[in-house]
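Let's take a look at the main pocket of this model and at one strand with its neighbours.

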Amino acid sequence: KSKKPYIFAGGGAVLSGASKELYEFAKKVDAPVTDSLMGKGAFPGTDPLYTGMLGMHGTKTSNYGVSECDLLIVLGARFSDRVTGNAKKFAKNAKILQIDVDAAEMNKNVLITEGVVGDLKVVLGILNERLEQLDHSPWIEKIMDYKERYPMSYHPDELTGPFLVEEIYRQTEGKAVIVTEVGQHQMWAAQYYKYTQPRTFLTSGGLGTMGYGLGAALGAKTGMPDKI
């Protein structure tokens with residue numbers, strides 16, 4: 001019955017290996033997709049339905065869209081304060097459906113309308129079998145207009161962090177495993193590199209673990225020695 005659905009993917013979408021199911025789900029629901037810092041790569045950052053990260057470090061498009069949607073479908077995300085801001089005002093126009101493997105996440109930070117406890121890959125697989133193809137063209141057009149009007153941007157005539165991240169994206173053709181420490185560069189890496197596969201963005205997230213990057217980089221190279 002929703003006319004303006006929005007999908008919010010978190011780290012659980014990566015941990016459950018649900019990328020394929022998430023992609024099929026988004027296309028069937030015909031809804032724009034946003035993600036959290038830990039949800040990077042679960043849904044392709046190059047897909048037209050993707051609108052960038054949500055929250056205080058997110059895009060205007062995602063924040064406006066979630067504020068205006070009538071159904072927010074939350075997939076493996078914990079509603080951190082970096083995403084919600086004032087939890088009482090978060091997605092205030094929407095019914096919220098949360099799917100998560102951890103029952104303790106239901107109604108913990110944000111009051112939800114309905115919750116499904118289960119492995120995201122399994123739950124989405126079941127939903128995809130039962131869903132008919134939906135069409136939300138007017139809503140998608142509005143969100144695409146936001147994307148065009150409010151892109152992520154930076155000063156083009158100076159050497160900046162965002163420019164460097166975008167240049168790394170160009171040089172690696174978007175195929176690198178990106179590892180971060182903690183700080184502003186962590187946000188730039190999330191905002192300006194387009195992740196198309198899960199587990200290609202390694203960061204300590206809400207733990208804020210300084211020193212994480214070196215060990216994670218060594219582990220990534222050991223695990224995938226042929227990868228950039």
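What follows covers the pocket first and the strands after that.

This is a predicted model, with local features needing pLDDT of at least 70 and side-chain atom pairs counting only at pLDDT 80 or more, while totals for linings use all residues. Residues are numbered from 1 along each chain as its sequence is written.

The largest pocket holds about 1100 Å³ of space. A pocket here is an open set of points on a 1 Å grid over the protein atoms alone, where a 1.4 Å probe fits, with protein on both sides within 12 Å along at least five of seven lines; lining residues have an atom within 4 Å of a point. Its volume is the space filled by probe spheres set on the points. There are 43 lining residues, and the closest to the centre are Gly11, Ser36, Leu37, Met38 and Arg78.

By class (Gly counts as polar), the lining of the largest pocket splits like this:

| Class | Lining residues |
|---|---|
| nonpolar | 19 residues |
| polar | 16 residues |
| charged | 8 residues |

Helix H1 (11–15) gives the largest share of that lining, 4 residues. Helices (at least four residues) and strands (at least two) are DSSP runs.

Now for strand E4 (residues 71–75): 4 of its 5 residues are buried, meaning under 20% relative accessible area with a 1.4 Å probe. E4 pairs in the parallel sense with E1 (residues 5–9) over 5 bridges, and pairing takes at least two DSSP bridges. Pro5 sits opposite Leu71 there. E4 also pairs with E5 in the parallel sense, over 5 bridges, with Leu72 bridging to Ile96. Strand E5 (95–100) in turn supplies at least two residues of the pocket lining.

How values were computed
Heavy atoms only, no water. Buried < 20%, exposed > 50% of the residue type's maximum accessible area, 1.4 Å probe, protein only.
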